[in-house]
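User: I am new to reading protein models and would like a close look at one part of this one, with each step explained carefully. Please begin with a single pair of residues and build outwards from there.

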Amino acid sequence: MSTTHDALVIGAGQSGGPLSTALAEAGRRTAIVERAHVGGTCINEGCTPTKTMIASGRVAHLARRGADYGVLTGPVSVDMAKVRQRKREIVSSWSAGSQKRIEGTANCELVWGEARFTGPREVEVALNAGGTRRLSAPLVFVNVGARPARPDIPGLDTVPYLDSTSVMELGEVPEHLVVVGGGYIGLEFGQLFRRLGSRVTIVQRGGRLLAREDDDVADAVRAILEEDGIEVLFDAAVTAVATLPTAAGSGGGDGVDGVRVDVAVGGGQRSLEGSHLLVAVGRTPNTDQLDCAAAGIELDAHGYVKVDSRLRTNVEGVYALGDCHGGPAFTHISYDDWRLLRTNLLEGGDATTEGRMVPYVVYIDPQLGRVGVGEREARERGLDVRVAKMPMSHVARALETDEPRGLMKVVVDRASERILGCAILGIEGGEIMSMLQVAMMGGVRHPALREAVFAHPTLAESLNNLFGAFTD
């Protein structure tokens, strides 16, 4: 069976889904192909489930800290099955809502199956229900996303290891979780399971965490995690992994035996024995089964679709959106991709990705909110900047809530006095970062924030003092 549409979307992620309905509502007969679930990584395996579970971890953390606030509680225990069920219910609700919107849109057909190119603008879909179907359109949009990367570690194929998806399906709290990778994903899950009751060891190949952050910010993150009781091994390379008999390991649940992780660290070799192993070393694009070569679509050396600043591939009429084109892998960036195409294809605009702000939040606790350039990048680029920094222990609201950990840091242009970037590591750091992002968008000069009248007591009023803390 072969069907021709006005537009074909491959993947119902955070850009593909809304794009498909926007095209359909504009009168274009649209087909959207999805192999697993509507909503993409964000709703099903990323933002929504992880932040839902992190909320449970924070409640456990605060419950244990009750005495710090003069509130006495009994022993704290965690019902991991309940944590998992709460996560599942929220994910199911959000995914079902997204699917309903697509299915309820006239001119939009949701096709369940896995697509592969058979020509420049034609695909064959292996239908989930059986059989195949051919679809073609003059406009094709690739939104196939990415998945957890699998590193080349000897023995990994013999170990029932966890990734960022499967770790959220555990029915009990690991006794000892060994995390390979000290990036955003590894840190979020490491702290989460520490708060749920696990012993946690993070194995980091580099000499510090969060390689893209300034050293002082990364060092502050490290101090927070170590204060929480997380062991971090730096300049450590995993040389091999193997299963352990349950009796010799830590007695992992969910059918997982103990695991031995051999690590080269400090000029020697160390063996870690854990109940569970989480591999969190990045993600890889889901283009390997798409057969982009059949369409003539160019990929880079890592399998990402090459696009220009308007998300166009080298093939006329074919675009790529979201994580699969190798841009910043954030939901809000994927969503902005579809807005860019809506502007250009449906509204007659000329939007590009050039100069697009890329804010993000690392959902450790306290949060790390980031936008713009950091101090190191600014110095490397030869920019004439001033830097202001202040510990969260100088923020009245942070002290009142007994959340004084972290720091605030901002980089400004010396001549124009405009804000170039910030790092806010502190309670609700993402929200304060967003305030500064709005100021950056509006070209607000930093003295205006230093003198602004903010309500007291709020976290926002910390900006008064922050912009009075320049070191030069």
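Analyst: **From one residue pair to its surroundings**

In strand S22, the residue that stands opposite Leu407 is Leu425. Before going further, please keep in mind that this is a predicted model. The pair belongs to a wider pairing, in which strand S21, residues 407-413, and strand S22, residues 419-426, are joined in the antiparallel sense over six bridges.

These two strands are part of an open sheet of five strands, and if you follow the order S18-S19-S22-S21-S20 on the structure, you will find that the pairing is antiparallel. At the edges are strand S18 (360-362) and strand S20 (385-391), each of which pairs on one side only. From one strand to the next, the twist averages 10 degrees.

A good residue for a closer look within this sheet is Val412, which has its place in strand S21. Is Val412 buried or exposed? Its relative accessibility is 0%, and because buried means under 20% relative accessible area, Val412 counts as buried. When neighbours within four places in sequence are left aside, Val412 is in contact with Asp384, Val385, Arg386, Arg418, Ile419, Leu420, His446, Phe467 and Phe470. As a sense of distance across the model, the C-alpha atoms of Val412 and Thr50 are separated by 33 Å, and these two residues are 362 residues apart along the chain.

Strand S19 of this sheet also leads us to a pocket. The second largest pocket has a volume of about 390 Å³, and the elements that give two or more residues to its lining are strand S19 (367-372) and helix H8 (375-380). The largest share of that lining, three residues, comes from S19. Altogether 21 residues line the second largest pocket, and those that lie nearest its centre are Arg370, Val371, Gly372, Val373 and Glu377. Sorted by class, the lining of the second largest pocket has ten nonpolar, three polar and eight charged residues.

For a comparison, we can turn to another sheet. This one is an open sheet of three strands in the order S12-S13-S14, with antiparallel pairing. Strand S12 (237-244) and strand S14 (268-274) stand at the edges with a single partner strand each, so one side of each has no neighbour in the sheet. In this sheet the twist averages 20 degrees from one strand to the next. Strand S13, residues 258-265, pairs with S14 in the antiparallel sense over seven bridges, and one pair to find by eye is Arg260 with its bridge partner Glu273 in S14.

Strands can also run parallel. Strand S9, residues 176-180, runs parallel to S15 and is joined to S15 by four bridges, with Val178 standing opposite Leu277 in S15. Strand S15, residues 276-279, is covered on both faces, since His276 and Leu278 on one side, and Leu277 and Val279 on the other, are all buried. The naming of two sides becomes easier to follow once you know that in a regular strand the side chains alternate between the two faces of the sheet.

Parallel and antiparallel pairing meet at strand S4. Strand S3, residues 30-34, pairs with strand S4, residues 108-119, in the parallel sense over five bridges, and here Glu34 stands opposite Trp112 in S4. To strand S5, residues 122-127, S4 is joined by six bridges, and these two strands run antiparallel. A hairpin of two residues links S4 to S5, and the bridge partner of Gly119 in S5 is Glu122.

Finally, two serines help to show what the accessibility values express. Ser198 lies in the loop between helix H5 (184-196) and strand S10 (199-203), and Ser198 is buried because its relative accessible area is 0%. Apart from residues up to four places away in sequence, Ser198 touches Val173, Pro174, Glu175 and Phe193. The C-alpha atoms of Ser198 and Ile230, which are 32 residues apart along the chain, are separated by 9.5 Å. Ser92, by contrast, has its place in helix H4, residues 80-103, and counts as partly exposed because its relative accessibility is 44%. Between the C-alpha atoms of Ser92 and Val279 the separation is 25 Å, with their positions 187 residues apart along the chain.

Definitions and conventions. Residues are numbered from 1 along each chain as its sequence is written. This is a predicted model: local features need pLDDT of at least 70, side-chain atom pairs count only at pLDDT 80 or more; totals for chains, interfaces and linings use all residues. Side-chain values use heavy atoms; hydrogens and water are left out. On a 1 Å grid over the protein atoms alone, a cavity is a set of points where a 1.4 Å probe fits but cannot get out, and a pocket is an open set with protein on both sides within 12 Å along at least five of seven lines; lining residues have an atom within 4 Å of a point. Grid points are joined across faces, edges and corners, and a volume is the space filled by probe spheres set on the points. Ala, Val, Leu, Ile, Met, Phe, Trp, Tyr, Cys and Pro count as nonpolar, Asp, Glu, Lys and Arg as charged, and the others, Gly among them, as polar. Two strands pair if DSSP finds at least two bridges between them. Axes are lines fitted to C-alpha atoms, for helices over the stretch in contact, and angles run from 0 to 180 degrees between N-to-C directions. Buried means under 20% relative accessible area, exposed over 50%, partly exposed in between (1.4 Å probe, protein chains only). Contact means heavy atoms within 4.5 Å.
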